[in-house]
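Here is my note on the structure you sent round, set out as numbered points. Please read it with the model open beside you.

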There are 2 protein chains.
Amino acid sequence: MKVTPVVIAGGSGTRFWPLSRQNNPKQFLKLLGSDSMLRATVERLLPIAPPADCYIATGEKYAERCSAELPETAKSHIIAEPSPRNTLPAITLAATVIKRALGETILLVLPADHYIARTAPFIAALKKAITLAEKELIVTLGITPTAPETGFGYIKSGDKLDETACKVAAFVEKPDYRTAETYLASGEYFWNAGIFVMSTTRFFKELAARQPEAFALSQKWLDATQEDFSQILADTWPAMPATSIDYGIMEKAENLAIVPVECGWSDVGSWPALPALSQINDAGNMERGRVISLNTQNSVIFNDSDKVVATLGVKDIIIVATSDVILVSSKGDAQDVKALVDLVKNREPSLA
Amino acid sequence: MKVTPVVIAGGSGTRFWPLSRQNNPKQFLKLLGSDSMLRATVERLLPIAPPADCYIATGEKYAERCSAELPETAKSHIIAEPSPRNTLPAITLAATVIKRALGETILLVLPADHYIARTAPFIAALKKAITLAEKELIVTLGITPTAPETGFGYIKSGDKLDETACKVAAFVEKPDYRTAETYLASGEYFWNAGIFVMSTTRFFKELAARQPEAFALSQKWLDATQEDFSQILADTWPAMPATSIDYGIMEKAENLAIVPVECGWSDVGSWPALPALSQINDAGNMERGRVISLNTQNSVIFNDSDKVVATLGVKDIIIVATSDVILVSSKGDAQDVKALVDLVKNREPSLA
């Protein structure tokens with residue numbers, strides 16, 4: 001069956017401030033390598049589908065930016081939500097648009113702003129997931145955990161389906177540290193990376209069963225003429241339940257499969273996460289742009305400005321220079337720059 | 001007798017890099033307040049002499065810059081040394097130019113790049129020094145030490161001349177820490193701030209006795225016609241002994257007086273010295289320019305750039321942003337940025 005990637009690119013975080021902004025969220029940043037996270041996500045899927053086949057679910061204000069990043073992708077594939085309402089409405093809209101355009105297909109839903117170090121096992125896992133989705137299973141990729149992370153949701157695996165896939169026993173919320181340690185030790189729990197593979201048929205069947213109101217709205221979109229589509233979408237969108245696909249469908253659904261994968265996945269959560277995913281020098285620094293460092297250790301120096309950044313005698317520090325802001329932060333505090341961004345919103349709103 | 005300030009403004013250090021550069025040394029920087037160090041030095045002397053009466057001893061490449069800083073001072077008062085040869089040649093040249101223009105006067109020699117917190121006692125000490133210089137003494141101001149500094153030369157005071165002045169017993173080199181502690185405890189030692197007050201007559205008498213070669217050259221300058229002056233200066237300058245006035249004259253001279261003074265003097269030696277001389281906020285930070293700081297302590301954030309500097313969770317750090325460089329340094333290393341500047345010279349010569 002045809003496979004249609006749906007890249008979820010509607011996020012709007014501040015964790016990479018000052019590089020990320022309200023009008024320049026993480027999926028558009030070139031944090032690792034020379035491509036934006038969005039572009040890298042689409043290119044990674046090349047063995048499965050060309051960029052021209054991808055659909056992008058994003059916000060209205062990011063639609064043009066998505067097009068610019070992905071010139072091979074038709075503008076009709078850039079699906080702009082009228083307003084952010086979490087992933088269930090976003091994926092429902094994408095599934096509807098795709099069903100209108102293509103009829104039956106396998107949806108390959110994945111976030112635009114994650115990093116995957118090893119493409120081969122990732123693609124192999126997706127291909128496995130596609131074969132299961134063709135049998136009307138909803139399939140999720142489960143990232144084999146490498147640390148007792150408390151910042152991710154987990155998926156508990158159940159009975160084996162075959163050598164490379166299991167049933168899903170349960171979706172579980174972000175655990176506390178102790179619980180995360182037991183998850184890690186058990187070998188039965190996997191990180192939920194928000195990657196789902198399923199047929200349009202199965203998706204709408206599940207939507208009808210778990211979210212009948214959302215399903216009813218989606219049928220209006222499906223039945224709309226091309227001329228009326230935008231207006232009907234705008235009128236009905238506020239009535240969509242603003243929930244996640246995890247909570248709205250997956251946690252309630254049955255017949256879910258998980259394909260475990262070890263592929264060097266990262267959600268690239270904050271500036272201090274970058275060195276582990278990037279080339280670093282002998283002093284443990286990730287240096288990007290024009291940087292001259294001396295006696296500088298275990299730091300991120302990300303220079304996207306017109307100036308030279310020079311460092312001397314510092315360690316465990318994050319320096320980010322853009323065209324209008326210079327951030328200097330300790331590693332610890334950089335994991336949540338939100339408090340600083342809130343202060344900036346008050347003092348220099350245009351920079352937040 | 002007429003008093004003629006001679007401000008020594010030929011320095012070319014890198015201790016305030018990246019704000020200071022080869023073409024923008026410390027005397028031209030606005031490190032403290034809205035005036036350059038040079039301008040502040042001249043304005044501080046107002047109770048003794050107007051800016052129009054001041055002479056500036058500087059290098060050829062800084063002459064225009066000095067004029068721009070001091071529009072009230074005639075261009076003929078900006079004395080450009082053909083090349084840097086330390087303070088003895090610089091002061092000899094200035095004394096010669098001044099003698100040619102004014103005849104006998106009291107020279108008030110002082111550096112362009114020091115800070116004085118309390119002008120009143122400083123001016124009172126200078127006035128006292130002038131009265132002693134009128135009696136053909138060479139007089140130096142002695143800064144009452146406040147710490148066992150090892151970075152300064154000291155002057156040992158001798159017998160009292162009167163209530164506010166002593167004879168100089170000896171000039172002494174930079175001491176080690178233990179010695180500096182005994183100097184501080186004794187009450188007999190003062191910091192040598194390079195401030196000298198003396199008549200032109202006494203200066204040339206001393207020069208003839210201690211540096212006969214330099215004296216002989218100075219007489220050629222004195223006797224030169226206005227038309228020949230520049231050429232004779234250029235021809236003879238390389239033969240001038242490249243030594244300091246301290247070593248070349250003061251350490252060898254007799255009949256020297258010292259006027260002790262407590263005036264909040266500082267040589268403003270490096271970035272970490274600034275907070276003690278400047279307004280700081282409750283967190284102990286000196287912040288200049290557009291700065292937004294959160295959880296930031298005991299730091300210098302000197303923003304002379306077009307960007308906002310935002311800091312988060314750092315302490316004891318120096319951040320300096322200019323139009324082309326962003327420096328981030330620990331306080332300890334910032335006291336000597338020379339090693340970093342040397343690296344910059346190799347990598348980005350235009351920024352050193």
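The points below go from the domains of chain A to its contact with chain B and end with the core.

1. Please keep in mind throughout that this is a predicted model. In chain A, the domain assignment gives domain 1 as residues 3-266 and domain 2 as residues 271-351, and the C-alpha centres of domain 1 and domain 2 of chain A lie 30 Å apart.

2. Where the domains of chain A meet, 11 residues of domain 1 are in contact with 14 residues of domain 2. On the domain 1 side of this contact in chain A, the residues divide into 8 nonpolar, 2 polar and 1 charged.

3. Within chain A, strand 9 (residues 189-199) deserves a look, because 11 of its 11 residues are buried and the strand is therefore largely enclosed by the rest of the structure. Strand 9 of chain A pairs in the antiparallel sense with strand 4 (residues 106-111) of chain A over 4 bridges, and there L107(A) has M198(A) as its bridge partner. Strand 6 (residues 138-143) of chain A likewise pairs antiparallel with strand 9 of chain A, over 4 bridges, with T140(A) standing opposite F196(A). Strand 7 (residues 154-162) of chain A is joined to strand 9 of chain A by 3 bridges, again in the antiparallel sense, and Y154(A) has W191(A) as its bridge partner.

4. Turning to the two chains, the contact takes 33 residues from chain A and 33 residues from chain B. On the side of chain A that touches chain B, the elements giving two or more residues include strand 13 (291-294), strand 15 (308-312), strand 16 (317-321) and helix 11 (338-347) of chain A. The largest share of that side, 6 residues, comes from strand 17 of chain A, and the residues of the side divide into 22 nonpolar, 6 polar and 5 charged.

5. How do the strands of the two chains combine in the sheet? An open sheet of 6 strands has the order 12(A)-14(A)-16(A)-17(A)-15(B)-13(B), with mixed pairing. Strand 12 (286-288) of chain A and strand 13 (291-294) of chain B stand at the edges, each with a single partner strand, so one side of each is left without a neighbour in the sheet. Neighbouring strands of this sheet are turned by 5° against each other on average, direction ignored.

6. The join between the chains in this sheet can be followed residue by residue. Strand 17 of chain A and strand 15 (residues 308-312) of chain B run parallel and are joined by 5 bridges, with T311(B) as the bridge partner of V328(A). Strand 15 of chain B also pairs with strand 13 of chain B in the parallel sense, over 4 bridges, and T311(B) stands opposite S293(B) there. Helix 11 of chain A packs on the sheet, where it touches strand 13 and strand 15 of chain B, and its direction makes about 145° with that of strand 13 of chain B.

7. Finally, the largest nonpolar core has 222 residues, and those with the most contacts inside it are A57, A94 and I319 of chain A together with A57, A94 and I319 of chain B. If residues up to four places away in sequence are left out, A57(A) touches, among others, V6(A), I8(A), I79(A), E81(A), I91(A) and A94(A).

Methods: Residues are numbered from 1 along each chain as its sequence is written. Chains are lettered from A and ligands numbered from 1 in the order in which they are written. This is a predicted model: local features need pLDDT of at least 70, side-chain atom pairs count only at pLDDT 80 or more; totals for chains, interfaces and linings use all residues. A nonpolar core is a set of buried Ala, Val, Leu, Ile, Met, Phe, Trp, Tyr and Cys residues joined through C-beta atoms within 7 Å. A residue is buried if 20 or more other C-beta atoms lie within 10 Å of its own, exposed if 12 or fewer, and partly exposed in between; C-beta atoms are placed from the backbone. Two residues are in contact if their C-beta atoms, placed from the backbone, lie within 7 Å. Ala, Val, Leu, Ile, Met, Phe, Trp, Tyr, Cys and Pro count as nonpolar, Asp, Glu, Lys and Arg as charged, and the others, Gly among them, as polar. Two strands pair if DSSP finds at least two bridges between them. Axes are lines fitted to C-alpha atoms, for helices over the stretch in contact, and angles run from 0 to 180 degrees between N-to-C directions. Domain bounds come from an automatic or database domain assignment.
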